[in-house]
Amino acid sequence: MTVNVSEYLREAAANDPDGIALVEHRAERRELSWRQFDEAADAIARGLSGRGLVAGQRVAVVMAN
């Protein structure tokens, strides 16, 4: 079974574009709407494509807990 998270993200952005998708607590609280989150994901995808990755290739995501 293949799961494409971008499809779920795009659907959420279409259904509730201004809803809160992500809350980050660091030095300051930061919130991203579903629209902003989708736009950021698209920007990352463009960057990966620009480096030669194609749809279906796997990438690792490393982030803080």
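**A nonpolar patch and two pockets**

Ile 44, Leu 48, Val 59, Val 61 and Met 63 together make a nonpolar surface patch of about 520 Å². In such a patch, nonpolar side chains (Val, Leu, Ile, Met, Phe, Trp, Tyr) are joined within 5 Å, and each residue has over 30% relative accessible area and no salt bridge, that is, no side-chain nitrogen of Lys or Arg within 4 Å of a carboxyl oxygen of Asp or Glu. The model is predicted, with local features needing pLDDT of at least 70 and side-chain atom pairs pLDDT 80 or more, while totals for chains, interfaces and linings use all residues. Residues are numbered from 1 along each chain as its sequence is written, and side-chain values use heavy atoms, leaving out hydrogens and water.

Leu 48 belongs to helix α2 (a DSSP run of H or I, at least four residues). This leucine, Leu 48, is partly exposed, with a relative accessible area of 31% (between 20% and 50%, 1.4 Å probe, protein chains only).

Leu 48 also appears in the lining of the largest pocket, where Asn 4, Ser 6, Ala 45, Leu 48 and Val 59 lie nearest the centre among 26 lining residues. A pocket is an open set of points on a 1 Å grid where a 1.4 Å probe fits, with protein on both sides within 12 Å along at least five of seven lines; lining residues have an atom within 4 Å of a point. The volume of the largest pocket is about 1,100 Å³, and α2 gives the largest share of its lining, nine residues.

The second largest pocket has a volume of about 330 Å³. Its lining includes Val 61 and Met 63.

Notes:
Grid points are joined across faces, edges and corners, and a volume is the space filled by probe spheres set on the points. Helices (H or I, at least four residues) and strands (E, at least two) are DSSP runs, numbered from the N terminus. Patches are made of residues with over 30% relative accessible area and no salt bridge: like charges are joined within 9 Å, nonpolar side chains (Val, Leu, Ile, Met, Phe, Trp, Tyr) within 5 Å. Accessible areas come from the Shrake-Rupley method with a 1.4 Å probe; for residues, only the protein chains shown count as cover.
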